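Biologist: I want to see how the labels on this model are earned. Show me, and I will ask.

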Amino acid sequence: METAAYKMKVTDAFNEAASTYDRMGVEFFTPMGRRLVERVGPRPGDRVLDIGCGRGATLLPAARLIGPTGHALGIDIAPAMVEEARREADRQGVGNVELRVMDGEHPDLPARSFDLALGSYSVIFLPDARAALARHAALLTDGGRIGFTSPVFTRDTFPFLPPMFTELIPLSLLGHLPESWHPERLHRQLHSWLEHPADLEAALVQAGFTDVEIADEPVPMTAVSGDAWVDWSHTQGMRLLWQHLPEAEAAALRTRLVTALDALRDGDGPVSIAVPVRYVTARVAR
Ligand SMILES: C[S@@+](CC[C@H](N)C(=O)[O-])C[C@H]1O[C@@H](n2cnc3c(N)ncnc32)[C@H](O)[C@@H]1O
């Protein structure tokens with residue numbers, strides 16, 4: 001798919017999802033964002049750029065840590081997400097935050113104007129993220145840092161779900177996910193630069209970073225039921241996949257997923273899935 005058309009699809013999907021994004025009784029992006037911020041440790045007075053900020057899962061905790069002398073700019077390609085983040089910042093009384101609609105792949109911002117760049121589950125949506133990372137490096141001051149998260153891609157699992165779910169999701173659907181997400185074995189043997197830590201590190205070094213640290217940690221995701229999980233999956237990147245399914249196929253996939261997810265519950269208890277997340281941090285090499 002052509003880049004502009006792909007970006008329009010991503011924008012539409014997140015515009016439609018924005019009002020319920022991460023507010024469906026499933027905890028995932030918010031704890032992940034908090035953990036990313038904890039790992040990079042913004043300092044008082046830092047100027048922070050959050051690329052693909054969504055509703056502020058990393059932007060707001062970072063803004064609190066940098067305090068009134070710091071400045072946090074959140075950019076997102078989806079105007080509805082930017083609106084929700086603005087409302088959330090107001091609701092939480094976080095005043096040092098600015099929000100703008102902007103393509104994070106080509107940020108129109110002054111060189112060397114940020115101490116820290118963040119991108120939780122968002123840098124991974126950029127069609128040519130490796131080239132974009134070099135542009136992100138240029139926005140950082142000397143010694144500036146970057147921190148982003150990604151799914152942990154393995155050859156036989158679908159992001160967010162344990163291996164047993166792989167066979168429940170039609171392979172044809174993977175074509176609707178961002179190219180860099182395709183697990184190698186599942187989709188035309190495409191290579192994902194995010195899959196192997198060595199490739200990821202090489203990409204960051206190539207983009208002008210050093211001191212690359214890659215740590216995979218589980219985020220404990222909980223959902224009150226299989227139905228709640230599937231509803232939630234419509235409010236994030238998987239929406240791109242659902243919207244391509246004819247109604248009957250979507251209904252059948254929903255039934256398969258809900259049945260398998262509910263089988264993981266202990267009676268009426270929640271579904272708990274330890275979802276591996278990759279935390280990547282690096283420092284600009286100047
Ligand atoms: C899975 S959400 C993550 C949002 C947020 N960082 C969080 O952790 O909740 C991905 C976000 O990336 C944004 N996004 C996707 N492509 C983008 C691009 N080219 N430029 C800026 N934002 C983009 C989407 O609109 C969406 O808000």
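Modeller: Start with aspartate 103: one of its polar side-chain atoms lies 2.9 Å from a nitrogen atom of the ligand. This is a predicted model, where local features need pLDDT of at least 70, side-chain atom pairs count only at pLDDT 80 or more, and totals for chains, interfaces and linings use all residues. Residues are numbered from 1 along each chain as its sequence is written, and side-chain values use heavy atoms, with hydrogens and water left out.

Biologist: What makes the pair of aspartate 103 and the ligand a polar contact?

Modeller: A polar contact is a pair of N or O atoms within 3.5 Å; within protein, one must be able to donate a hydrogen and the other to accept it, and residues adjacent in sequence count only if both atoms are side-chain atoms. The distance for aspartate 103 is 2.9 Å, so the pair qualifies. Backbone atoms take part too: a polar one of glycine 104 is 2.7 Å from a ligand nitrogen. The protein covers 99% of the 590 Å² of accessible area that the ligand has on its own (Shrake-Rupley method, 1.4 Å probe).

Biologist: Why is serine 225 called buried?

Modeller: Buried means under 20% relative accessible area, exposed over 50%, partly exposed in between (1.4 Å probe, protein chains only). Serine 225 has 17%, so it is buried.

Biologist: What does the side chain of serine 225 reach?

Modeller: The backbone nitrogen of alanine 228, at 3.0 Å. Contact means heavy atoms within 4.5 Å. Leaving aside neighbours within four places in sequence, serine 225 is in contact with Asp262, Arg265 and Val271.
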